[in-house]
Amino acid sequence: MSKIIEIENLQLTYAPNTSLQRQALQNINLTVESGEFRAIIGPQGSGKSTLLQVMAGLEVGLGKVIVDGLDLRQKKNRRMLWQRVGVIFQQPERQLFEDSLYNDVAYGPKNIGLSSEEIERRVKTALKKVKLGEEYYPLSPFKLSGGQQRRAAIAGILAMEPKILLLDEPTAGLDPKGRQEIMNLFSELCRKQGITMIMVSHDMEEVAHRADKVTVLQKGTVFLEGGPQEIFAQGNQLTEIGLAVPFASELANALRERGKNVSNVTTLADAEREVGKMLRRRNGH
Amino acid sequence: MSFFSNITVGQYYPGNSLVHRLDPRAKLLAMPLIMAGVLLAQGPVGYLAAGLPILFGYAMAKVPLTALWRGMRFLWIFLIISLVLQAVTYPGETLWEWGIITVSREGLSLGLRLIYRLVLLVLAAMLLTMTTTPVNLTGAMEKLLQPLKRLGVPVHELAMMMTIALRFVPTLLEEAEVVMKAQQARGGSLTTGSLEKRLGATIALLVPLLAGSLRRAEELAIAMEARCYRGDNGRTRLKQFQYRYLDFLVLLILFAFTILVGVERWI
Amino acid sequence: MVHNRVILNLQGVSFSYPDTQDKKALDSISLEIVAGEMVALLGPNGSGKSTLARLFNGLLIPTSGHVLVEGQSTQDEEVLWQIRQKVGMVFQNPDNQLVAALVEEELAFGMENLGISPGEMTEKIEQISTQFGIHELLQSPPHRLSGGQKQRVAIASVLAVDPEVLVLDEPTSMLDPGGRQEIMRELTRLKQVGKTIILVTHDMSEALMADRIVILEDGKIVLQGEPKQCFSQEDRLVKMGLEIPPGRRLAQRLKQKGFDIPNDLLCVKEWVEFLCLK
């Protein structure tokens with residue numbers, strides 16, 4: 001695997017030299033492998049969204065930022081980035097604007113300047129991925145339901161066929177079913193098509209379930225980094241900075257505190273196995 | 001955050017000076033007096049006198065000059081253009097010549113006087129907004145315009161609109177920034193590409209903003225209704241304004257000043 | 001429930017939106033809510049739970065049937081304003097329900113509408129802002145607050161006019177976990193002081209603290225009872241697209257594997273107690 005994102009010693013200050021000056025990011029060092037599913041978690045105001053926007057070339061700080069071989073210190077590289085990196089903002093349905101669903105999804109591909117056949121192919125593929133059928137194509141995106149709007153906006157990004165997808169709380173405000181569908185889609189894009197995923201999320205169950213690696217931000221710096229099992233085993237450190245831990249990890253941590261021999265788990269499937277072992281041992285006695 | 005945080009023209013600057021503590025209604029009433037002084041002034045004494053209350057106000061309000069400068073930044077371009085226009089178009093004694101362009105003494109003097117007056121008016125307005133919270137400003141306006149209600153002017157509704165605008169401008173700016181970045185990430189840039197492409201990008205920004213505002217307006221209306229809002233009907237106000245002697249004194253002094261400035265014009 | 005005074009009484013309430021008259025958003029709902037009770041209204045998207053919430057204080061008027069608030073019908077326009085004062089409502093999006101440019105003015109807004117004297121307002125603002133721990137925010141503009149703070153201000157300003165019932169329509173769905181906790185702590189406190197609360201949510205773990213759960217599907221009440229009672233119907237809830245707390249899901253998984261798991265295991269603490277039993 002090769003590095004697709006490399007950040008060295010990144011600093012970012014908002015509104016420098018004014019009374020509103022605010023240090024958003026400092027001393028960030030981070031690398032992401034190609035095809036990885038990375039989660040970024042952290043309490044409110046820890047700089048997660050800002051970091052994501054730096055990777056998208058939408059915010060510029062001091063320090064080395066290289067995304068897919070492009071050095072983002074150069075303006076012309078930042079301008080080229082949008083063809084390779086897709087960004088899904090919080091409540092992406094806010095960006096819908098065209099008169100029909102089809103045209104909205106086609107907006108990005110049109111900006112790339114693709115042929116009309118290629119645009120059509122991409123729009124149809126993207127809408128198929130988010131399970132919006134042809135009957136929806138001519139509808140105004142504003143007429144769709146909340147969940148459908150979210151999927152429409154996501155299709156608009158997928159149609160650009162990015163190599164990297166940056167997701168800022170992509171499931172916030174959705175009901176459980178809608179959340180599942182969208183997270184399954186992202187997992188699939190990552191595992192089957194090798195798209196690198198970087199997801200800012202508050203949903204620890206999803207983070208535990210999907211991510212290869214987790215970066216924890218706190219006050220604009222990297223607080224912890226590692227695999228989900230490793231990270232969520234640090235229950236106390238996480239709750240101290242105001243973060244939750246998935247149920248399975250919380251249970252495992254609590255059991256370990258009571259002197260039980262339980263390994264680090266993050267998902268319910270793992271918890272089922274571990275608890276099953278415990279119960280079998282108990283019944284065996 | 002970064003893009004729109006530059007908009008700070010005449011923003012409230014917290015303080016506890018005499019100017020800050022004046023009744024906002026008195027400050028609002030002082031505006032036409034100061035303006036009348038500025039517009040009536042003629043001759044050097046009048047010009048200086050018209051500027052004095054404003055200068056005095058700033059000296060007492062202790063507003064930092066950097067904040068003042070930031071507020072005026074965009075104005076200078078406009079002022080310089082109007083000076084140049086006056087200087088070259090007004091006929092009179094030639095002061096300076098360059099090709100077909102001639103600068104007249106009368107034009108230059110008129111231009112300078114115009115700029116002086118404009119700067120004074122802007123400074124006066126900024127002194128008001130920099131020393132009065134927006135909430136107090138709208139409250140005072142509603143109070144002062146009360147008599148117009150009898151003429152059928154929807155004074156309360158206008159004040160409520162201003163309050164809501166105040167409340168939502170930062171929210172909408174934030175939203176504008178998000179939508180702009182989102183479209184930028186789809187290749188829609190407001191600052192690069194052909195005119196047609198930029199126009200398209202503008203639409204891609206404005207339509208979502210408009211749709212968002214309408215949705216917000218609808219939700220807000222329901223929330224207000226749920227909280228028993230029904231216009232001015234039997235409504236009381238938390239903010240009560242209380243005139244003090246000082247307020248009358250300031251208005252009286254300003255009034256006398258304006259008369260004096262005006263007197264110079266007629267004698 | 002110590003007292004049994006019925007505050008809200010819905011009698012065979014149906015409702016359809018004007019543009020979709022053929023489809024009923026709510027279909028003959030009957031429901032009684034007594035003083036001091038906390039009811040969680042659950043259901044998937046489009047089940048009619050938000051519509052129902054808006055019927056409680058006359059924002060929507062039933063197409064048939066009656067909504068009675070302390071005996072007064074929401075159809076009676078004469079008493080509509082009294083009803084809206086008695087039934088306070090907090091909405092989902094904190095950004096779109098705050099009206100004023102300062103927190104202090106926000107707390108006053110409802111009282112101003114009811115014509116309460118300035119002196120009384122000042123006192124009430126002092127009292128309620130202390131209760132909610134937002135005293136130091138009084139002079140802040142809402143856009144400077146976090147999501148959780150905004151929503152707390154929204155709840156505080158609704159409670160400033162002393163409503164009998166507090167209806168909350170998915171108050172946490174747009175908040176991060178920190179904000180969610182803030183709101184749930186606030187609701188726990190209000191429940192303890194005996195406030196009547198109706199919480200609309202699709203999150204089962206939030207519904208757990210309620211005295212009673214009412215589950216809606218396609219505009220009808222399909223299930224109601226104490227939280228733990230309702231969880232025995234897990235399969236049905238999952239099918240409706242409701243989220244089952246992970247503690248219950250784990251129990252379910254282990255039961256399927258043939259383990260004997262008690263029915264009331266929910267939170268980590270209960271699980272640890274169960275697993276560490278001798």
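This is a conversation about reading strands, chain shape and contacts in a predicted model.

Biologist: Let's start with strand β7 of chain A. Is it buried or exposed, and why?

Modeller: Since this is a predicted model, we are reading computed features throughout. Strand β7 of chain A spans residues 164-168, and five of its five residues are buried, so the strand is largely enclosed by the rest of the structure.

Biologist: Which residues lie on which side of β7(A)?

Modeller: The general idea comes before the case. In a regular strand the side chains alternate between the two faces of the sheet. In β7(A), Ile164(A), Leu166(A) and Asp168(A) sit on one side, while Leu165(A) and Leu167(A) sit on the other. Those residues are all buried, and both faces of the strand are covered.

Biologist: Which strands pair with β7(A), and in what sense?

Modeller: Take the two partners in turn. Strand β6 of chain A, residues 85-88, pairs with β7(A) in the parallel sense over four bridges. If you want a spot to click on, Val87(A) has Leu166(A) as its bridge partner in β7(A). Strand β8 of chain A, residues 196-200, also pairs with β7(A) in the parallel sense, over five bridges. There, Asp168(A) is partnered with Val200(A) in β8(A).

Biologist: Through what does the chain cross from β7(A) to β8(A)?

Modeller: Through helix α6 of chain A, residues 176-193. Follow that path and you have a β-α-β crossover, which is right-handed here.

Biologist: Now chain B. How many helices and strands are there?

Modeller: Chain B has nine helices and two strands. Along the sequence the pattern reads α-α-α-α-β-β-α-α-α-α-α, with the two strands back to back in the order.

Biologist: What is the radius of gyration of chain B, set against a compact globule?

Modeller: The trick is to compare it with a reference for the chain's length. A compact globule of 267 residues would come out near 18 Å, but chain B has 23 Å. Along the principal axes, its C-alpha atoms fill a box of roughly 65 × 60 × 40 Å. Buried residues make up 27% of the chain.

Biologist: And how is chain B divided into domains?

Modeller: Domain 1 takes 12-132 + 243-267, and domain 2 takes 133-236. Notice that domain 1 is written as two stretches of sequence. The C-alpha centres of the two domains are 31 Å apart. Where they touch, five residues of domain 1 are in contact with nine residues of domain 2. The domain 1 side of that contact has three nonpolar, one polar and one charged residues.

Biologist: How is chain C divided?

Modeller: Into domain 1 (6-244) and domain 2 (245-278). Their C-alpha centres lie 32 Å apart. Eight residues from domain 1 and seven residues from domain 2 make the contact. On the domain 1 side, α7 (204-207) and α8 (227-231) of chain C each give two or more residues. By class, that side divides into four nonpolar, two polar and two charged residues.

Biologist: Last one: how many residues of chain C are in contact with chain B, and which element gives the most?

Modeller: Count each side separately. Here 31 residues of chain C are in contact with 25 residues of chain B. On the chain C side, the elements giving two or more residues are α2 (80-86), α3 (103-113) and α4 (118-131). Helix α3(C) gives the most, with six residues. The residues on this side of chain C divide into 17 nonpolar, 10 polar and four charged.

Terms used
Residues numbered from 1 in each chain as written. Chains lettered and ligands numbered in written order. Predicted model: local features only at pLDDT ≥ 70, side-chain atom pairs only at ≥ 80, totals over all residues. Buried ≥ 20, exposed ≤ 12 C-beta atoms within 10 Å, placed from the backbone. Pairing = 2+ DSSP bridges. Right-handed = clockwise from strand over helix to strand, strands pointing away. Rg over C-alpha atoms; globule rule 2.2 N^0.38 Å. Domains from an automatic or database assignment. Contact = placed C-beta atoms within 7 Å. Nonpolar A, V, L, I, M, F, W, Y, C, P; charged D, E, K, R; others polar.
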